[in-house]
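Open the model in your viewer and keep the selection panel at hand. We will go from one stop to the next, selecting residues as we go.

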Amino acid sequence: MKEREKVVRLAKLAEQAERYDDMVEFMKTLARMDVDMSAEERLLFSVGFKKTIGARRASWRILESLEQKVTAGEQPGVTINGYKKKVEDELRAVCNEVLSIIAIHCLPLANSGENVVFFYKMKGDYYRYLAEFSTGTEKKAATDQSLMAYQHAMVVSSSELSPAHQFRLGLALNFSVFFYEIMNSPERASQVAKQALDEATAEINSAGVEGYKDSMLMMQLLKENLALWTSELTGGETSKDDDVVMEG
């Protein structure tokens, strides 16, 4: 127990210092202790990897945009393509490492509905990140794995978590983003987002808003995405390339 507490303390210090690579290493150590993570531990685990991969995903999107603006074969395009492939290799390495840890050390030890949903959602997220830049059979495999992970998390969340639970809403948020960005289906994305919003709204209207602060944030993100997708479906001015889609 003392070693577990020490690792958590070091991870928190690394987060405060914005040393996210160090934070990730500490949380990998914790995961390999094969423990059912507490709420604080799973948050540290998720945040560390999300910070690490977030910068690389942003870099890839910038490079992808730049590459589309240059003529094929020109030197600037060749240079950009080289950088993009390097970022893709880094993204692939991080995603595969996270997915391996989740499969071996996190899901087998997850005993609560919250933890099962949390880690299956995370599994869906990281396969989605792989699908963002992959092509061909690699993209199809990542897409299929992401879909299955999200679907499993949705089934568990529907029986274990209330409609307004922040994990259930966060799952619906990212699952809807999956349909929009990976499956190119604003219709299905809108359906998932709207159903989650309607069910959560009914619960909160019945119970009152007190105690739902985190859930309200997720609902706001769902509403913003739903507004974008609804506008697109009804022939509004928005373009997918210009949309800023929010995810959890």
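**Stop 1: a pocket**

This is a predicted model, and the tour starts at its second largest pocket, which holds about 610 Å³ of space. Select Leu-43, Ser-46, Phe-118, Lys-121 and Met-218: of the 21 lining residues, these are the closest to the pocket's centre.

Now colour the helices around this pocket. At least two lining residues come from each of α3 (39-67), α5, α7 (166-182) and α9 (213-233). Which helix gives the most to the lining? That is α3, with 7 residues. If you colour the lining by residue class, you should find 11 nonpolar, 4 polar and 6 charged residues.

**Stop 2: α5 against α6**

Stay with α5, and select residues 113-133 for this helix and 136-160 for α6. Their axes come within 8 Å and cross at roughly 160°. An angle over 145 degrees counts as roughly antiparallel, so α5 is roughly antiparallel to α6. The crossing of these two helices is left-handed.

To see the contact itself, show side chains on both helices. On the α5 side, the residues to pick include Val-116, Val-117, Tyr-120, Gly-124, Tyr-127 and Ala-131. Across from them in α6, the contact residues include Ala-142, Ser-146, Ala-149, Tyr-150, Ala-153 and Val-156. By class, the full contact of α5 with α6 has 11 nonpolar, 7 polar and 6 charged residues.

**Stop 3: Tyr-120**

Zoom in on Tyr-120, which sits in helix α5. Which residues does Tyr-120 touch, leaving out those up to four places away in sequence? Select Leu-107, Ala-149, His-152 and Ala-153 to see them. For a distance to try in the viewer, pick the C-alpha atoms of Tyr-120 and Val-24: they are separated by 19 Å, and the two residues are 96 residues apart along the chain.

**Stop 4: α1 against α3**

For the last stop, return to α3 and add α1, residues 2-16. These two helices pack at an angle of about 45°, with their axes 11 Å apart. That angle makes α1 oblique to α3. Their crossing is left-handed.

Select Arg-4, Val-8, Ala-11, Lys-12 and Glu-15 on α1, then Glu-40, Glu-41, Leu-44 and Val-47 on α3, to show the residues that make the contact. Coloured by class, the contact of α1 with α3 shows 4 nonpolar residues, no polar ones and 5 charged ones.

How values were computed: Residues are numbered from 1 along each chain as its sequence is written. This is a predicted model: local features need pLDDT of at least 70, side-chain atom pairs count only at pLDDT 80 or more; totals for chains, interfaces and linings use all residues. Side-chain values use heavy atoms; hydrogens and water are left out. Axes are lines fitted to C-alpha atoms, for helices over the stretch in contact, and angles run from 0 to 180 degrees between N-to-C directions. Helices (H or I, at least four residues) and strands (E, at least two) are DSSP runs, numbered from the N terminus. Angles under 35 degrees count as roughly parallel, over 145 as roughly antiparallel, 65 to 115 as roughly perpendicular and the rest as oblique. A crossing is left-handed if the near helix is turned anticlockwise from the far one by less than a right angle, and right-handed if clockwise. Contact means heavy atoms within 4.5 Å. Ala, Val, Leu, Ile, Met, Phe, Trp, Tyr, Cys and Pro count as nonpolar, Asp, Glu, Lys and Arg as charged, and the others, Gly among them, as polar. On a 1 Å grid over the protein atoms alone, a cavity is a set of points where a 1.4 Å probe fits but cannot get out, and a pocket is an open set with protein on both sides within 12 Å along at least five of seven lines; lining residues have an atom within 4 Å of a point. Grid points are joined across faces, edges and corners, and a volume is the space filled by probe spheres set on the points.
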